[in-house]
Amino acid sequence: MTLTKTISPLATFDRVESRVRSYSRSFPKMFNKAVGATIYDTNGRAYTDFLAGCSTLNYGHNDPDLKAALIDYVSADGIAHGLDMFTHAKEHFLAAFEQHILKPRHMDYRVQFTGPTGANAVEAALKLARKVTGRTNVISFTNGFHGVTLGALAATGNGKHRNGAATPLSGVTRAAFDGYYGPDINTADLLERQLSDPSSGVDAPAAIIVETVQGEGGLNAASKPWLQQIEKIARKHGALFIIDDIQAGCGRTGGFFSFDGMGLSPDLITMAKSLSGMGLPLAVTLIKPQHDIWKPAEHNGTFRGNNHAFITAAAAIEKFWADDSFATEVAAKADYLADRLSAIAEAHDLSVKGRGMMIGVNAGSTEHAAAICKSCFANGLIIETSGSFDEIVKILAPLTISKAQLAAGLDTLETAFEAVMGSHRAAAE
């Protein structure tokens, strides 16, 4: 009798795919289906998704209305790729964005479609700021993350990613983020002093770029007064004020923009991730009209016209942002999430980080956070880490998750914390 050797389909990845892959190392299962906040492996096991494409799936997997809009468009032979030509799909998105996002906030911006990723939007913003001001230096902040293409990577603080460049990264001066030196030192005052001192060695900046909540940097949340002071510093010193809203936007931290209600008026805003509503690649840089000085095709990209993403993005805006009901639902879930995480943190003498539904618990060490996430995955919960040492257990559940599924996922997380931190406490006694 001949025995047939069974080869795992995961072997294909080991044989063919680059070693650069990362998330699959934490979640070594073959997945093939996803609905809402649930993703299924090929054996039919369901996992609650607290990663959500790293905030790319704020409206969950395969939202039925977004999916129907895309299926209808494709079935009607709608244009898939249009460079930057005029298409009905693009006009529909722009009109929806203007009507439901910009006008209610009294915001006047031009929308630049960049390449398909957040890093592309950041590259465009940095390039345009330098073009507008005639300067080269950019101020970015400790623990900031803006992408891994070279320009965006220069503005990124993460040492692992910076080391991957294998070339000098220049044109950026690092400033301390809000709270970096503790609650008693206002780091905005430090930046103001440096920029006001002609002998500080900090060149006059073209731009100051900041995340209101640092997703990859450890869920550090900047205060409203600090952000307002940073914007004033930018204005005083002739720099453009850029908010990177790639991970924190589209409802993740409350409003559509992470800075809604803060009285800020950035010159440039970068967006991607959940902008398409369904995980399709789409990134934009929002530009105040007076700064829109690009010459035709001066900054372009082959995939800046993803019409399929325009369709789902417009559908998402019309479904979730035509009124305040969705934001109100998200706020209620965020309050519940904060209460549950505060209880977990208090039980183990830990701390909560973040804002809205971009929140997590500082587990105290790389090892503790990794063990907690591993325990969660073994029990059907996908969750990841962030922070300088990957010490933050970060929750990025879809904003559309039901209260019941959110509660069940947090039950799993609470059990994992007790298993890991409880054994750690017992070993220390």
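Contacts that span long stretches of sequence were prominent in the count for this predicted model: of the contacts between residues at least 6 apart in sequence, 74% join residues at least 24 apart. The secondary structure of the protein comprises 14 helices and 17 strands. The radius of gyration is 22 Å, close to the 22 Å given by the globule rule for 429 residues, and the protein is therefore as compact as a globular protein of that length. Along the principal axes, the C-alpha atoms occupy a box of roughly 75 × 65 × 50 Å.

Of the 429 residues, 49% are buried. The accessible surface amounts to about 19700 Å², and carbon and sulfur atoms contribute 53% of this area. Charged side chains number 39 positive and 44 negative, with the centres of the two sets 5 Å apart.

Strand E11 (residues 268-271) was examined in further detail. Leu268 and Thr270 point one way from this strand, whereas Ile269 and Met271 point the other way. Residues on both sides of E11 are buried, namely Leu268, Thr270, Ile269 and Met271. E11 pairs with two strands, in the parallel sense with E10 (residues 240-244), over three bridges, and in the antiparallel sense with E12 (residues 284-287), over four bridges. Thr270 takes part in both pairings: it is the bridge partner of Asp244, and its own bridge partner in E12 is Thr285. The side chain of Thr270 thus belongs to a residue that is buried and that is bridged to Asp244 as well as to Thr285.

How values were computed: Residues numbered from 1 in each chain as written. Predicted model: local features only at pLDDT ≥ 70, side-chain atom pairs only at ≥ 80, totals over all residues. Heavy atoms only, no water. Rg over C-alpha atoms; globule rule 2.2 N^0.38 Å. Buried < 20%, exposed > 50% of the residue type's maximum accessible area, 1.4 Å probe, protein only. Contact = heavy atoms within 4.5 Å. Areas by Shrake-Rupley, 256 points an atom, 1.4 Å probe, with all protein chains shown as cover. Lys, Arg positive; Asp, Glu negative; His and termini not counted. Charge placed at Lys NZ, Arg CZ, Asp CG, Glu CD. Pairing = 2+ DSSP bridges.
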